[in-house]
Amino acid sequence: MPVSSSNTIKLPAPVNDGNMSVEKALAGRRSVREFKDAPLDIAEVSQLLWAAQGITDPDGFRTAPSAGALYPLEVYVAAGNVKGLTPGIYKYKPVDHELTPVKAGDARAALSDAALGQSAIKDGAVVIIIAGVFERTTVKYPAGEKYVHMEAGHSAQNVYLQAHALGLGTVAVGAFYDDAVKKAAGMSENERPLYLMPVGRPA
Ligand SMILES: Cc1cc2nc3c(=O)[nH]c(=O)nc-3n(C[C@H](O)[C@H](O)[C@H](O)COP(=O)(O)O)c2cc1C
């Protein structure tokens with residue numbers, strides 16, 4: 001895996017075509033909370049992050065809509081069991097489709113504790129964390145706070161559909177203590193976690 005001098009990790013290019021129609025993904029998607037103890041490939045992680053917030057247009061537009069194209073979401077991945085990726089917290093950088101290391105070590109147990117001990121969080125191979133920087137949207141829109149929550153929903157649904165299309169499972173988890181997630185993920189003060197999505201191979 002190519003690692004640049006600035007320590008960022010270039011992700012494999014996302015695939016724009018797959019084996020499952022959007023209708024099949026919509027009909028088959030289910031929340032999955034039990035996972036095999038099996039690794040994900042870096043290409044699968046790449047694809048999931050692209051689905052969450054990847055760039056799909058030369059003008060910077062993304063897989064998920066955004067009020068005023070202000071893009072208030074930040075996506076992290078807590079890697080626990082990924083071939084070719086050292087366990088740790090990484091931030092997804094959509095523009096270059098790469099990861100920036102944030103914190104070393106497997107954070108899944110701490111995230112599970114932060115989510116009232118929900119076992120799905122520690123049993124998935126990774127946890128995708130969708131966070132919002134509210135000021136990016138509230139600076140322009142009085143209803144901006146509501147918009148950021150809506151956008152997290154769009155992004156999470158993309159992850160659900162992409163995971164299912166790849167034969168993986170996920171669940172959108174909203175029950176957690178913000179401060180404990182922020183600490184476990186090494187988030188900035190202005191970022192608020194909105195969703196935790198463990199992803200793994202369904203048991
Ligand atoms: C805002 C929101 C918060 C949720 N939080 C949790 C959660 O904390 N834990 C969990 O196991 N599932 C959580 N879920 C998943 C729901 O339980 C699940 O979507 C629901 O049971 C319907 O099942 P389905 O997703 O398989 O259609 C959440 C879903 C949403 C939309």
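Which loop is Leu 116 found in? Look between α3 (108-114) and α4 (119-123); we come back to that spot in the last view. Keep in mind throughout that this is a predicted model.

**View 1. Seven strands make up an open sheet.** Going across, the order is β1-β6-β5-β3-β7-β9-β8, and the pairing is antiparallel. At the edges sit β1 (9-10) and β8 (169-170), each with a pairing partner on one side only. On the β8 edge, 2 bridges tie β8 to β9 (residues 192-200), with the two strands running antiparallel. One bridge to pick out there puts Gly 169 with Gly 200 of β9.

**View 2. At the β1 edge, β1 pairs with β6.** Here 2 bridges hold the antiparallel pair together, and Ile 9 stands opposite Leu 99 in β6. On to the next pairing: β5 and β6 are also antiparallel, this time over 6 bridges. Gly 88 is set opposite Ala 104 of β6. These two strands, β5 and β6, make a hairpin with 4 residues between them. Within that turn, check the backbone of His 97, where phi is positive at about 45°.

**View 3. Helix α2 (residues 42-53) packs on the sheet.** The strands α2 touches are β3 (73-79), β5 (88-93), β6 (98-104), β7 (126-132) and β9. Its direction makes about 160° with that of β3. α2 is mostly covered, with 11 of its 12 residues buried. Among the buried ones are Ile 42, Val 45, Leu 48, Leu 49 and Trp 50, and the list also takes in Glu 44, Ser 46 and Gln 53. How far apart are the end C-alpha atoms of α2? They are 17 Å apart, and since 12 residues at 1.5 Å a residue should span 16 Å, the two values agree.

**View 4. Gln 47 is a residue of helix α2, shown here with its contacts.** Is Gln 47 buried or exposed? It counts as buried, because its relative accessibility is 7% and the cut-off for buried is under 20%. Setting aside neighbours within four places in sequence, Gln 47 is in contact with Pro 14, Val 15, Gln 162 and Leu 166. One of these partners, Gln 162, belongs to α6 and is buried there.

**View 5. Helix α6 also packs on the sheet, touching β3, β7, β8 and β9.** The direction of α6 makes about 5° with that of β9. This helix covers residues 144-165, and its 22 residues should span 32 Å at 1.5 Å each; the end C-alpha atoms are 32 Å apart, so the expectation is met. Buried residues in α6 include Gly 144, Val 148, Ala 152, Ser 155, Val 159 and Leu 161. Follow several of them along the helix with this in mind: an α-helix has 3.6 residues a turn, so residues three or four places apart point the same way. After α6 comes Gly 167, with a positive phi near 80°.

**View 6. One ring pair and two charge-over-ring contacts bring in the tyrosines.** The count of aromatic pairs comes to 1. In that pair, the ring centres of Tyr 141 and Tyr 147 are 5.4 Å apart and the planes are at 70°, so it is edge-to-face. Tyr 141 is partly exposed, at 22% relative accessible area, and Tyr 147 is partly exposed too, at 26%. Elsewhere, Arg 29 has its charged end over the ring of Tyr 160, 4.6 Å from the centre. Arg 62 places its charged end over the ring of Tyr 71, with 4.3 Å to the ring centre.

**View 7. Ala 69 and Leu 116 have positive phi without being glycines.** For Ala 69, phi is about 50°. Ala 69 sits in the loop between α2 and β3 and is partly exposed, with a relative accessible area of 32%. For Leu 116, phi is about 55°. Back in its loop between α3 and α4, is Leu 116 buried or exposed? Leu 116 is exposed, because its relative accessible area is 55% and the exposed class begins over 50%.

Methods:
Residues are numbered from 1 along each chain as its sequence is written. This is a predicted model: local features need pLDDT of at least 70, side-chain atom pairs count only at pLDDT 80 or more; totals for chains, interfaces and linings use all residues. Side-chain values use heavy atoms; hydrogens and water are left out. The expected span of a helix is 1.5 Å times one less than its number of residues. Buried means under 20% relative accessible area, exposed over 50%, partly exposed in between (1.4 Å probe, protein chains only). Two strands pair if DSSP finds at least two bridges between them. Contact means heavy atoms within 4.5 Å. Axes are lines fitted to C-alpha atoms, for helices over the stretch in contact, and angles run from 0 to 180 degrees between N-to-C directions. Rings of Phe, Tyr and Trp (its six-membered ring) pair if their centres lie within 6.5 Å; planes under 30 degrees apart count as stacked, over 60 as edge-to-face and the rest as tilted. A charge sits over a ring if NZ of Lys or CZ of Arg is within 6 Å of the ring centre and within 35 degrees of the ring normal.
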